[in-house]
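This briefing introduces a protein structure to a reader who has not met it before. Please look over the sequence and the structure, and then read the notes that follow.

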Amino acid sequence: MERKPGDSVLYVVLFVTLFIHYPVHGLIQMPRSLRLKDEHQVHTEVIEASCDHLYRESTNRTLEFIYHFVHANESSKAVRISVDTKEVTQEHPILFVVRQQKSVSSWQLPHFIDTASGIRAYHRVRRTLCPEDLEVSNASEELEFVVGVSTSDPRNVSFTIEATKIDDFLIKLDEERNIIVSPSEPEFYQYVFDENVTAVLVNVTSPDDLCMTVSVQNLTCPSFGRDEEMRYDSIRQTALDRSGLTITKEKFPNGFYLVFSVKADDYECSGKKDQQVYMRRKRIMFRITEKLKPSQFYTATLGVIGIFMLFYILGVFIWIVHCITSGPAPPLERSLLEAEDSQRYGTASSLDRPIFPVRSYEGRLIDSFGSRRHITASGSVSGNNEIDSKESSLNEEEIDMLEDAYLDKDVFRTKTFLYVSDLARKDHKFLSKRFYSYIWQLLTLSTFYALPVIQLVITYQKVKLDEERNIIVSPSEPEFYQYVFDENVTAVLVNVTSPDDLCMTVSVQNLTCPSFGRDEEMRYDSIRQTALDRSGLTITKEKFPNGFYLVFSVKADDYECSGKKDQQVYMRRKRIMFRITEKLKPSQFYTATLGVIGIFMLFYILGVFIWIVHCITSGPAPPLERSLLEAEDSQRYGTASSLDRPIFPVRSYEGRLIDSFGSRRHITASGSVSGNNEIDSKESSLNEEEIDMLEDAYLDKDVFRTKTFLYVSDLARKDHKFLSKRFYSYIWQLLTLSTFYALPVIQLVITYQKVLNDTGDQDLCYYNFLCAHPFGKLTDFNHVFSNVGYVMLGILFCILVFFRDVKHKHMREKNNKLEKYYGIPQFYGLFYAMGVSLILEGVMSACYHICPTHANYQFDTTFMYVIAILCMLKIYQTRHPDIVATAQASFGILAFVVIAGVISVYESSIYFWVIYTILHLMGCLALSASIYYMGRWKLDFGIFKRIYLTWLNDIRAGFSHCFRPMYPDRMILLAIGNLFNWALAAYGLHTQPPDFASYQLAIFITNLMLYTLFYIVMKIRYGETVLVQPLIYICLSLVSWGASFYFFIIKAATWRMSAAESRHYNQECLILNFYDYHDVWHFLSASSMFFSFMILLSLDDDQVYRPRDKIPVF
């Protein structure tokens, strides 16, 4: 018989009437069955059920069951409901609804779980009911709940249901539990903090490598047992065989629920789409143990600081021993360089060797630092540079480049009226180079600042189209609608307005059920905005191919929108108008973007037109007015047309004048100078960027640097103050770069930490969760704090360098010969930069460990690159002080290295590796040529052509010439270095390691180790002595580095895998129940770098009193 339209309404009214007139207690008085004669009417059978009893029944669309359970109120126990069926179909599932005193929960059989491998169905479900006695202080002695069972299937479908009391629901401290969990049978337990316990560690292990989620939730009902529900308002982790969560009493003062759920596949843990496996039952063992007490926490942190303070005491002791053992200076061996200068300029004791010879002005000589010296009858020069220079108001940092260095700049700049010629006396090429340095400085700074900024930005998108809707929403009455994309629509704009300034949430969700209508539920798996009177969301078809739900919910107050805690207002009803409109089509998108580019291209065309008009209208140059400066130069140097005005007057060498750029000019009979600077300079191989500061500018640097055997005196001819200023620039450059780099980095990691704290998703960061101690907002404080060693030892190294710097200045004041003729030239700027870089490595490593991820790892390695580069520069600068690169060039190379590291995070294809390998090998080749020829080859793109021509000439001269290098020692070093770099390049190109930052760091460390070893070996080869102090540092460094690498290779976490796979390596604390293996690596590596720095600082102490012209270059 066909069902009448009004029957369904009658059944619903009857069912509601029964529940109104027969409350839960009244159901006991009802007959066991209530039968209606019409076979199409819904039959409701109420069963007075008891726990720990299995019920087997059959149901259909006309038969519903209501199970009424009553159980004793026991705080340590909970109830778990298990339901099972084999006959149900997807079209007609069985629905189970559990109604408790303060909550309602529901599920269905079959239970469907959406996975990366497809949808999986389960016919057995088990749920643990939320213990409501925790929420009601005056709870009755008995608790009750009702389970309703119904289906729309016309066939009889059998099912089973059982409610079981959980006797061990409450977990005790240090109690180990063993459970079995499946995707449809999650488990959860309760833990309440003891009075004196402030933090606990939940340690979870499993022998089965099945993906699971471990979640910690507040003691509120309903609890979230399903895997997809755990993403809301909980602390959670995915795991395979190991997991650890540190929970503080501050965050969960009343205790927490511990929930376990197995995923339907392993995609979220391993990233692999495995075959469908129904029998996914996972054995889990877990234990809750107490974390450190506050006293233990402070003991562990202050103890480490105390240990590193011992290094300060040791440093003071070493310095005292060094001062005692160094003693007075021994009798100095006669230096050939000193004898030459004495013969050339007068008694060396009364005159510092000038950088540039200068000529008289008003009966006096004025050297390049403005010291006035009188000419004696014999033609020698008298006067003391140290005293006179103090009396001069001359700025020594600027006078060195005055075009007419024999005139004090105060003569010009103190005039009442100035002309441009008075302030344009420095060399044009020097000034041009200085101003061009602004470009490279800006590019370097912008690179270091932009990369973490870009990463920060990357870390942080049924209604008809164009139809306007008007709705009214309240906190308890959310609204949602559905939109399905039209065929040709790829993106839409949801435009929302409201005349009421009440805080609301607008959410866009997938077309899946259940939809999330409550405000707190919208935080899960949706695109959402808070708004007051206006909102706009752009939604693409690519993200929601099937369409989306548009959900509106008004918040109970305006705190999240305005930050103000206003008084509670119950009548919060908000009028909302919204419309969905189509966004731009692809053709419109490209028209808009390319159109703007076209408009700005018109400026290029306009610029070309203006330049053409300028060239046409400018015409030939008018007759030039006679310049007084030109007349002065003509009188001083000869005809101005035949000679460029030199920067510094120079004197003859073998019958010729050699100006500051190496142009040789012959002296005529009248004493004037002939020659053309432009032509001669092209014929010279001289590097114009370096010759300007040679101490004896009248000698070409090729005279010295092409010798078969070099001494330090040949490569230490530039002014000490100029070089000292160049090396000190590394410190300020480093501080500037680190400031620009660190600020967005700190902001980025703080954002990561805030997201982790707000969402509770502990898969975001790769911690060692079994040894992660929270402090304040930091989840893993101990791995952040253990970087304190880098900071403290970096400061100590800077202090020791300062002591040496002061001592060296005192020695120079007592005997100025030591500075000019003896020992290795001492420049402490690079040493200070090394100490600062060690400090910054500690800061950046701490930033990385706030939230360790693949993308953040570059922060931990950037200043390791800096340290490696600075150490290699320092070793090279020791015996090549005139040739070391500028800070701009060094950090420019570092900028390229950092860019490559960032690109590798997002793109590591074979094309990236090919390009990187080519650039790596080309860089090695160019740098090798520059080092081999001692800086006489300019490091630019033309160097490859010079290499090719040199190689071609050697081949033409005879193949044997290729194996007879002019400088064998340099060739051996460069050959070994290039061999290792080619091997590393081949390894990288072949294997393409996922950890590119470590691979790149290995390249720097390998080159640094080779160069350091080469330097020590060559030092011994030439008969130099390695003193006791550096020998002790070498031994300590080797032992410390060996121990460091042992602890480094023991991984406690790795972002090369998924978060769940990384937890397989998690380990418990090793020292003081606070520090793990990686913390020990931090301590030992900081000590190792400190000892390595001390090696470089003290390695050449044996050369202090040795004549500089007898110290070999290698």
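Along strand E30 (residues 534-540), which side chains point to one face and are buried, and which point to the other? Ser535, Leu537 and Ile539 are the buried ones, on one face, while Arg534, Gly536, Thr538 and Thr540 point to the other face and are not buried. The model discussed here is a predicted one.

**Strand E30 and its partner**

- In a regular strand, side chains alternate between the two faces of the sheet.
- The side chains of strand E30 alternate in this way.
- Strand E30 pairs with strand E27 (residues 491-497) in the antiparallel sense, over seven bridges.
- Within this pairing, Ser535 of strand E30 has Val496 standing opposite.

**An open sheet of five strands**

- Five strands, in the order E12-E14-E19-E16-E17, make up an open sheet with mixed pairing.
- At its edges are strand E12 (170-171) and strand E17 (235-239), each of which pairs on one side only.
- Strand E16 (residues 212-217) and strand E17 run antiparallel and are joined by five bridges.
- Opposite Arg236 in strand E17 stands Ser215.

**Helix H28**

- Helix H28 (residues 1077-1098) has 22 residues, which at 1.5 Å a residue should span 32 Å; the C-alpha atoms at its ends are 31 Å apart, in agreement with that value.
- Helix H28 is mostly covered, with 20 of its 22 residues buried.
- The N-terminal end of helix H28 is capped by Asp1076, which has a side-chain oxygen 3.2 Å from the backbone nitrogen of His1078.

**Salt bridges**

- The structure contains 27 salt bridges.
- One of them joins the side chains of Arg126 and Glu187, at 2.8 Å from N to O.
- This pair links distant parts of the chain, since Arg126 belongs to strand E9 (residues 124-128) and Glu187 to strand E14 (residues 187-191), 61 residues apart.
- Both Arg126 and Glu187 are buried.
- Another salt bridge, also given as 2.8 Å from N to O, is formed by the side chains of Arg579 and Glu468.
- Arg579 is in strand E32 (residues 574-582) and Glu468 in strand E25 (residues 468-473), so the salt bridge ties together parts that are 111 residues apart in sequence.
- Arg579 is partly exposed because its relative accessible area is 31%, and Glu468 is likewise partly exposed because its value is 43%.
- Asp1101 and Arg804 form a salt bridge in which the closest N and O atoms are 2.9 Å apart.
- That pair again links distant parts of the chain: Asp1101 lies in the segment after helix H28 and Arg804 in helix H17 (residues 788-814), 297 residues apart.
- Asp1101 and Arg804 are both buried.
- A network of salt bridges links Arg879, Lys1019, Glu1024, Asp1100, Asp1102 and Arg1106.

**A nonpolar surface patch**

- A nonpolar patch of about 1,200 Å² on the surface is made by Leu584, Phe589, Tyr590, Leu594, Val596, Ile597, Ile599, Phe600, Met601, Phe603 and Tyr604.
- Val596, one of these residues, lies in helix H10 (residues 586-618).
- Val596 counts as partly exposed because its relative accessibility is 43%.

Key: Residues numbered from 1 in each chain as written. Predicted model: local features only at pLDDT ≥ 70, side-chain atom pairs only at ≥ 80, totals over all residues. Heavy atoms only, no water. Pairing = 2+ DSSP bridges. Helix = DSSP H or I, 4+ residues; strand = E, 2+ residues; numbered from the N terminus. Patch = residues over 30% accessible without salt bridge, like charges linked within 9 Å, V, L, I, M, F, W, Y side chains within 5 Å. Areas by Shrake-Rupley, 256 points an atom, 1.4 Å probe, with all protein chains shown as cover. Salt bridge = Lys/Arg side-chain N within 4 Å of Asp/Glu carboxyl O. Buried < 20%, exposed > 50% of the residue type's maximum accessible area, 1.4 Å probe, protein only. Expected span 1.5 Å × (residues − 1). Polar contact = N/O pair within 3.5 Å; in protein donor to acceptor, adjacent residues only side chain to side chain.
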